[in-house]
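Reader: Before we discuss the labels used for this entry, please show me the sequence and the structure.

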Amino acid sequence: MELKIYKDKFEVAEQFSAYFVEKAAHSDAFHVALSGGSTPKIVFDVLAEKFADKVDWNKVHFYWGDERCVPPSDDESNYKMTVEHLFSKIDVPHENINRILGENDPKGEAMRYANLLEINLDRVEDVPQFDLVILGMGDDGHTASIFPHEIELWNAEDHCVVATHPDSGQKRVSINGKVINTAKEVAFLVTGTSKAEKVEAIIEKTEGSKVYPASLVNPKSGKLVWFLDEGAAAKLNQNPS
Ligand code: 6PG
């Protein structure tokens with residue numbers, strides 16, 4: 001596990017973008033799973049506006065780690081957010097964008113997307129392998145769309161599962177823990193003081209952290225990088241060693 005701590009979310013965005021450019025440069029086909037929520041917005045803006053000419057987008061194949069079960073035109077859609085902050089600003093082939101069809105029946109879409117991953121990606125012990133999985137972490141310690149109240153989905157047999165947001169009841173399609181931990185590399189993008197308590201618990205592997213799905217991220221490759229701002233890292237190393 002590698003911790004990269006920066007002053008604020010803008011510096012996180014800059015540094016992650018440079019990291020992304022470097023990762024994508026060494027591959028003829030770079031398969032990346034994006035996260036949703038608000039943190040990626042600034043990251044995608046910086047990647048598109050400051051680093052776009054440093055990436056051969058023909059070689060980058062986009063997927064999502066999770067998507068809300070809403071139409072692509074809905075403001076809740078991670079795809080829509082990504083179009084607004086990234087795809088509308090770069091020249092990426094349409095066929096390189098593998099959207100989770102949020103408008104479809106959730107169970108059927110989870111099966112379809114799992115099949116698509118199995119076809120498009122290399123597999124390790126029959127599990128689709130991304131080159132990079134980008135994850136966020138919710139204030140409750142969820143990641144992708146695996147929430148604490150249904151943490152058993154982490155170990156689901158199916159590579160894509162249907163999850164339910166604990167407050168809104170919104171259905172979501174999410175990759176499971178096996179797919180996340182089979183990735184060649186996983187990058188957490190976590191900013192803001194509201195995340196500090198969970199970040200400390202998870203990184204310092206406290207007993208109580210096991211209830212948080214984000215604590216289960218542990219790629220077999222050993223390549224897990226946390227991109228944090230000072231707010232999210234505020235409680236780290238506060239305990240006397
Ligand atoms: C989603 C995300 C989700 C997100 C966390 C953190 O669809 O909402 O994939 O897992 O990464 O909720 O979101 P923020 O970055 O907005 O805090």
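Author: The shell around the ligand divides into 2 nonpolar, 8 polar and 4 charged residues, where Ala, Val, Leu, Ile, Met, Phe, Trp, Tyr, Cys and Pro count as nonpolar, Asp, Glu, Lys and Arg as charged, and the others, Gly among them, as polar. This is a predicted model, in which local features need pLDDT of at least 70 and side-chain atom pairs count only at pLDDT 80 or more, while totals for chains, interfaces and linings use all residues. Residues are numbered from 1 along each chain as its sequence is written, and side-chain values use heavy atoms, with hydrogens and water left out.

Reader: What makes the pair formed by an oxygen atom of the ligand and the side chain of Asp-66 a polar contact?

Author: A polar contact with the ligand is a pair of N or O atoms within 3.5 Å, and a ligand oxygen lies 2.7 Å from an N or O atom in the side chain of Asp-66, so the pair qualifies. A ligand oxygen is also 2.6 Å from a polar backbone atom of Ala-144.

Reader: Why is no disulfide counted for Cys-160?

Author: A disulfide requires a pair of cysteine sulfur atoms within 2.5 Å, whereas the sulfur of Cys-160 is 11 Å from the closest cysteine sulfur, in Cys-69, which is too far for a bond. The count by this rule comes to 0 disulfides.

Reader: Why is Cys-160 called buried?

Author: Buried means under 20% relative accessible area (1.4 Å probe, protein chains only), and Cys-160, at 4%, therefore counts as buried.

Definitions and conventions: Polar contact = N/O pair within 3.5 Å; in protein donor to acceptor, adjacent residues only side chain to side chain. Buried < 20%, exposed > 50% of the residue type's maximum accessible area, 1.4 Å probe, protein only.
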